[in-house]
There are 4 protein chains.
Amino acid sequence: MNSDIIELAKTLISKPYAEQGQQSRRQREKLLQALLSNRRLPEDGWDNVTIELIMAEFASMDSNNFIGSVGVGEREARIFSELVSKRNFRLGHGIGRSGDIAAVQPKAAGSSLLNKIANIVALSAIKIGIPETKACLVLPTATGMALVLTLLALRQKIYGDGPYGERKYVIWPRMDQKTCLKAIFTAGFEPIVIEPVLVGDELVTDVAAIETRINALGAKLVLCVLSTSSCFAPRAPDLLPQIARVCAKTGVAHIVNNAYGLQSQTICDLIQKASRVGRVDAFIQSTDKNFLVPVGGSIVASFDKEFIEDVSKTYPGRASSSPIIDLFITLVSMGASKYRQLRKEREVLMQYFKNRMSEIAQKYGEKLLETPSNPISLGITLSRFDSESQSCSYIGSMLFQRRCSGVRTVPKSLEKDVCGIKFTGYGSSSSSYPHSYLVCAAAIGITEKDIDVFTERLDKVMKKCSTRKVSNCSESHI
Amino acid sequence: MNSDIIELAKTLISKPYAEQGQQSRRQREKLLQALLSNRRLPEDGWDNVTIELIMAEFASMDSNNFIGSVGVGEREARIFSELVSKRNFRLGHGIGRSGDIAAVQPKAAGSSLLNKIANIVALSAIKIGIPETKACLVLPTATGMALVLTLLALRQKIYGDGPYGERKYVIWPRMDQKTCLKAIFTAGFEPIVIEPVLVGDELVTDVAAIETRINALGAKLVLCVLSTSSCFAPRAPDLLPQIARVCAKTGVAHIVNNAYGLQSQTICDLIQKASRVGRVDAFIQSTDKNFLVPVGGSIVASFDKEFIEDVSKTYPGRASSSPIIDLFITLVSMGASKYRQLRKEREVLMQYFKNRMSEIAQKYGEKLLETPSNPISLGITLSRFDSESQSCSYIGSMLFQRRCSGVRTVPKSLEKDVCGIKFTGYGSSSSSYPHSYLVCAAAIGITEKDIDVFTERLDKVMKKCSTRKVSNCSESHI
Amino acid sequence: MNSDIIELAKTLISKPYAEQGQQSRRQREKLLQALLSNRRLPEDGWDNVTIELIMAEFASMDSNNFIGSVGVGEREARIFSELVSKRNFRLGHGIGRSGDIAAVQPKAAGSSLLNKIANIVALSAIKIGIPETKACLVLPTATGMALVLTLLALRQKIYGDGPYGERKYVIWPRMDQKTCLKAIFTAGFEPIVIEPVLVGDELVTDVAAIETRINALGAKLVLCVLSTSSCFAPRAPDLLPQIARVCAKTGVAHIVNNAYGLQSQTICDLIQKASRVGRVDAFIQSTDKNFLVPVGGSIVASFDKEFIEDVSKTYPGRASSSPIIDLFITLVSMGASKYRQLRKEREVLMQYFKNRMSEIAQKYGEKLLETPSNPISLGITLSRFDSESQSCSYIGSMLFQRRCSGVRTVPKSLEKDVCGIKFTGYGSSSSSYPHSYLVCAAAIGITEKDIDVFTERLDKVMKKCSTRKVSNCSESHI
Amino acid sequence: MNSDIIELAKTLISKPYAEQGQQSRRQREKLLQALLSNRRLPEDGWDNVTIELIMAEFASMDSNNFIGSVGVGEREARIFSELVSKRNFRLGHGIGRSGDIAAVQPKAAGSSLLNKIANIVALSAIKIGIPETKACLVLPTATGMALVLTLLALRQKIYGDGPYGERKYVIWPRMDQKTCLKAIFTAGFEPIVIEPVLVGDELVTDVAAIETRINALGAKLVLCVLSTSSCFAPRAPDLLPQIARVCAKTGVAHIVNNAYGLQSQTICDLIQKASRVGRVDAFIQSTDKNFLVPVGGSIVASFDKEFIEDVSKTYPGRASSSPIIDLFITLVSMGASKYRQLRKEREVLMQYFKNRMSEIAQKYGEKLLETPSNPISLGITLSRFDSESQSCSYIGSMLFQRRCSGVRTVPKSLEKDVCGIKFTGYGSSSSSYPHSYLVCAAAIGITEKDIDVFTERLDKVMKKCSTRKVSNCSESHI
């Protein structure tokens, strides 16, 4: 509503009301203006009126929506279905240009602006935990695919010590989740698996083995260490500062798989510290695991702005703006204050969850695994199933049937072939973990009620299994 | 996006793109500006980007959406459900004030502006057919309820010949649809039914009887003639100019039930002419029947601005803005040109429909009713059912089961009690119509395909009924 | 998803997942099934997935959405704009039939079912406060219009003591809000205003005067007493049981304007008790003021099922389903437990609000009005403005400019003409209220933060006014 | 609505209406059932009622939406923003599992089913043009990224003649668009550029050079030929059958970049024929360029089912379901018949466009480029700018400012460095194209009006440039 319209409106709804309306409209504009000039996530979340208004503004800036627009190219963002058009807020051009996913798209000023702002608020949100972060790139791909792109970008780098193009190995402290291993293979590298060491109940990075292995392979043939900062207990987050020191010393890059680590300040501190004492080229996280959006996006972040530009130039072609829209809307409607609050609540609930799980464990002769370094995940032993390795998955299955998702049961000594590598003790990230166990997590957004309901259901399942033979406690298995 | 924001955007997406975006944004603002300064329905329809942007602007002007707003009254437009909020475009205050449904609502500048604009575009759309219309009022009530309000407003009028408060009778040329009769009773008046005269196949207003009756009752006791301009064949639209002359002569008001008459220029001309040669106080139409919106709204229009103000002051309390939102969005996305086109297409299809129905009729020994004055509805005889009055409704029922809606079958000489009045030949608007018949309509939005599919299905149904005994052609009856 | 589809799905996503999905789907169906068999508002609110699924089911049952449907009537629920179609959940036929707003619409089984269910959950919600309620009717009109329809329905009644058709007067304990008075006039009756009596700071119904007046006019000429149960302080809710007794004794009907009374158990108890000890024909409330939906709907409720049917037959024509959709969605997503919780929170906050207002009042030499019978609204004196009657509206104006809505300032002895009746002390509901004052309310949905922010802003405004001359404290006045 | 609910509904809205509603509901279920059992794109498009119902069904099958669900994992599809939740139809889990983007996700039966069905309808749509296609994979990535994944999948293949892991070269018939070249580099291969030969005005594949080059490099070191089937004139689609024969002979893979080729039957025939006479491993296309959805998805298709499975296992991690939702909704609402119609209209308009452009060209002393093999794109010479190579971009710039998008102007002999390779005549796909020219396209969805408006604006721009000095015809350049 420009001032000409307001003048006309005054003739219809009287001067003071029109002015009051205009003033309110201006207040909203100031929210966007402040974001753009401070380049910071707003402290207080925006209401949906503001968000919808801004999304409509963005849409009106894209050429496919220009009044009188005519397109004669091969791609004109014509959208057949109104349902599809509406859910995409009338945006059709995606983000990026053929050469660079972060580049401005001439046909789509609105989408481009949205993309820039999404990256600004994402960086701002990351800096809440890791203040020295210099740049980030929101990608409309899974974390694993972002890892692939990061590895591919790394291969094209030329550092002081020469090009990385010929390097073949990725040192990978074992972490039993398929995505990461697959990312290494997809990118065309050979993973070098480093087993952890057992400290108490916890599985900790064998830093010495990493260094030994780099030297044995020849540092000039090693692309990077791909460490993991967020993982299921009993594995601890990797000792990032120590790894970073080894990387700096040997001239090997260091990429951190920080999938859901942003939500924990403990993990953020590890990354921040690692970058101070050694080398961290990039850390990669999922948008959905940290920011409560649907699956589909990831963020590559770095203390080196140039490296982020390299990654952004690695994605060939334009990409979906959907995950970017989701993240933008979520972050601005959350605001920094709510995000901090969610992180704090999570920490408090983590302690609560441990206490509740410890009670259940004791009730059935099991124990809470002592994994003090893992700030998100926790586990209890399932020793009663140690001898019948398969059966412990029944617990998981019974819980899923009781509508508990996300819990995993890991039997002792499972053998499994993943991407052609044979793993023993698969699931535990160690070939010799001494327990069968059940593991779960207190991730961002969890509520006290979630924990109460879950522990109650777990109690019932444990009871059912402990009073009968294992073979009888099974139900149809998913 | 004010210019400060655009300046900031230039630093993110480069100057020319930001400017191109801004220019496009301005073009959209000019659409609204033009509407407000010309007070006319735009010639070309607006796209959804523009409409959504403007709805978001309206929302931002309402006090319940003010940033930092706090409400301590009895009604603060707090909305519990996000689904509800979203479907109402974040508007919550409805329209009007306690005293006047057209008044500006101080808490809701945006909703008030929307309401004013909706009335502007509605008037503009009406003037396409009836150019001398002076004012109109979009009401979030059914046509029948709008009739009630109009009658109640009339009762409160004081004209040269004294107050209307004591007048008790409403002269009503018979039209067999419940709503209208009920409206008269609900408003507290006594209907005086005037039977039509048969001219060819057509039922035509008995103007002489109207005049006679007014004089017999005493004109000072007659509130108005409530005529009907759109109706199902074989009834013709009332002879509005002739009635208007009688009303002018006798000092009786004249309200036209124009339910779906706006879509036909023939009917519009009748109303326009009536106001020139005699008295028309108001004409009332449905929004859904004329403008392709969901059921729920009506428009009271008049050649006298003051009378519309009277009606608007009759509705006590604020009202739902939903039918107003629907009409506003529909009219601006239609634009005057598309509306004219739809009206023209309807006229062409009316002729086509007549031809097709005539063919079917002949095929089964029936005939198209000759009702040249009715520009929207048409009928064919169902003489084969004349003797078994009930059975002809089976045709309708069988058609409904074949997913044909809107068709009516009228048996000869049906007796029915409506609002305490006994009618003979109910459905035909005459106590002595000589045929059973089937009637349908070519209403705005109808397509050639509709007509083809319908006549094909009718053909099958007629065939089925003509080859067997009537009693066998029945199916489960709805 | 019927079982055939699930069988096919098993071939795509494996048996157990398809079955898990089907089971979840069934759980949702059971929610609706339970509502329909218990005819009760669900205890726990439904999630949006369920609601959207059910709305889509309703849509698929309406004839305009039938696959292969063809319409040849005058009203075929063709919807031009996809935006409009979507916001109406693809429903187009509104509710009701020409003769009865509660009747099933043959063309629209889905809309009709929705309407029936909305009335079921509305009744169930009312019974939380007033358990002996027998029937209710959700109307897509303002409360004032619902009053009109109720008065018109009453006029058509024939009771043991004869028809009500000739009764002219409505006894109205004065309550200074335009809507109610206008409703009486619109319906064609003459209001008889009964002044309240002052008890402490509170304005209380003069029951004796009501009885005297009925007798003086002749009970057979009095249609009803139209009492008010929810109102701004210092007026108290009317003494409903006492009025009900007078009505029973004199054979006069009793309609309660319960605009926002459902949210308060105290008021609900008054209505319940009145119906036990005397006569209550109907009580009427707004949907938005009690259930946190946008303005646009009202509910007529009664202890007599038949009277509700009478009212439903008074509305001529079909009506908008929008307010019904809003109410249905809101009530089922709220659930009985959340509704009870909101009511309780309101009560607690009412006390809190009183305390905070009392503090502010004392700080500026004013006092909280002692109005113990009013459970929703509260006021403080503005004695410093007693002598300058106009100026106290500045306070309201300044608060509105500070984004506080809903507060009213009432000067002493304001004279005003409403609907042709001259009132003294307009706004206070009394010709002789001894104070100027400011009044606000703790309505359902209010939060502690609302109260804190409001009292803080009020504090500043009072301060500003008390340190300077009144004439200087004014700002541009809305 | 299961039959229990329908039974209950009968008590509310009468038996026949409830049954009619149920029948309509069942008809909708049959649409999905038919799709699942025939595994074919429906012939007629579905209405939005059906689509919304099915999307709601899918949502209800995902575990994050289970009633009573509790999540204790690291990723629980909690969605913070209702706006985000709604636009994603309440789906949160994305598609795929860590190991395989096509795998069923246990937590998300609904999303998984949607994904399977999207792939079914996509395959069906592709088979309209290329009937022998065996499998396809819809990916939520740009075409370029899909090329990367395909190349990476190829590297992991072991065929009869040994593993492809050591192959380094990709033979690439030059096509001047950045994405493709970047895809080769990102995947870690070395592109071998093959210049086209000039035939008339057209640039045609130099098949002999391809074969010579493969042999020179050593076929065992060549991963594949990456050919292009859709491109801007004057380049012709590659001679796919001939290339396919060379590939088959030399044991080199063959990937076709079919970005927007599906819309043209001529191009589809080329691919189909190539697979019959030689080797085609996969062909890759964009969803937005062929199916009128927003940018963001691509489809890898093949005549070999197994290869598609390999590609689907290459993507590490789950991915966004947004592009899949868009494609599913679009294809089922389009239906096969509308898709065929759009393709036919495009072909007719291509001829029309050529005629109009030829007229314009002649008017200004230029000529339409004779490029009979290119069925989508066409160009006209801009010989007047031959000598001032930069200036011809002004034409493009002026057209963009007149809201014409998609047109490209290519100056003669532009030199450009892309991904470290030096190209002469960049833009024309040839180092020695003899003209400057302007090129545009008749892509699916184009309308006659688009062409008319464009040629009119082009006419004006050409006029402006031809009457003045070139330097004066420039405007601010985007």
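Begin by selecting Ile284(B), which counts as buried at 0% relative accessibility, where buried means under 20% relative accessible area, exposed over 50% and partly exposed in between, computed with a 1.4 Å probe on protein chains only. The model is a predicted one, in which local features need pLDDT of at least 70 and side-chain atom pairs count only at pLDDT 80 or more, whereas totals for chains, interfaces and linings use all residues. Residues are numbered from 1 along each chain as its sequence is written, chains are lettered from A and ligands numbered from 1 in the order in which they are written, and side-chain values use heavy atoms, with hydrogens and water left out.

Colour chain B by secondary structure, and Ile284(B) appears in strand β11, residues 282-286; strands (E, at least two residues) and helices (H or I, at least four) are DSSP runs numbered from the N terminus. Now show the residues that Ile284(B) touches, leaving aside those up to four places away in sequence: among them are Thr143(B), Ala146(B), Leu147(B), Ile255(B), Val256(B), Ile299(B) and Val300(B), a contact being heavy atoms within 4.5 Å. Add Leu262(B), 22 residues from Ile284(B) along the chain, and the two C-alpha atoms are found 9.7 Å apart.

Next, show chains B and C together. Chain B is superposed on chain C by a rotation of 180 degrees with 0.0 Å of shift along the axis, at an RMSD of 0.0 Å, with the fit made by least squares on the C-alpha atoms of residues with pLDDT of at least 70 in both copies. This is the relation of a two-fold axis, and the C-alpha of chain B nearest that axis belongs to Arg87(B), 2.5 Å away from it. The copies meet through the same surface, because 100% of the interface residues of chain B are also interface residues in chain C.

Turn then to the aromatic rings, of which a search of the whole structure finds 28 pairs over all chains. Rings of Phe, Tyr and Trp (its six-membered ring) pair if their centres lie within 6.5 Å, and planes under 30 degrees apart count as stacked, over 60 as edge-to-face and the rest as tilted. Select Tyr159(C) and Tyr164(C), whose centres are 4.9 Å apart and whose planes stand at 65 degrees, so the pair is edge-to-face. Tyr159(C) is partly exposed at 22% relative accessible area, whereas Tyr164(C) is buried at 0%.

Finish in chain D, where the charged end of Arg167(D) sits over the ring of Tyr164(D), 3.9 Å from its centre; this requires NZ of Lys or CZ of Arg within 6 Å of the ring centre and within 35 degrees of the ring normal. Arg279(D) likewise lies over the face of Tyr159(D), at 5.0 Å from the ring centre.
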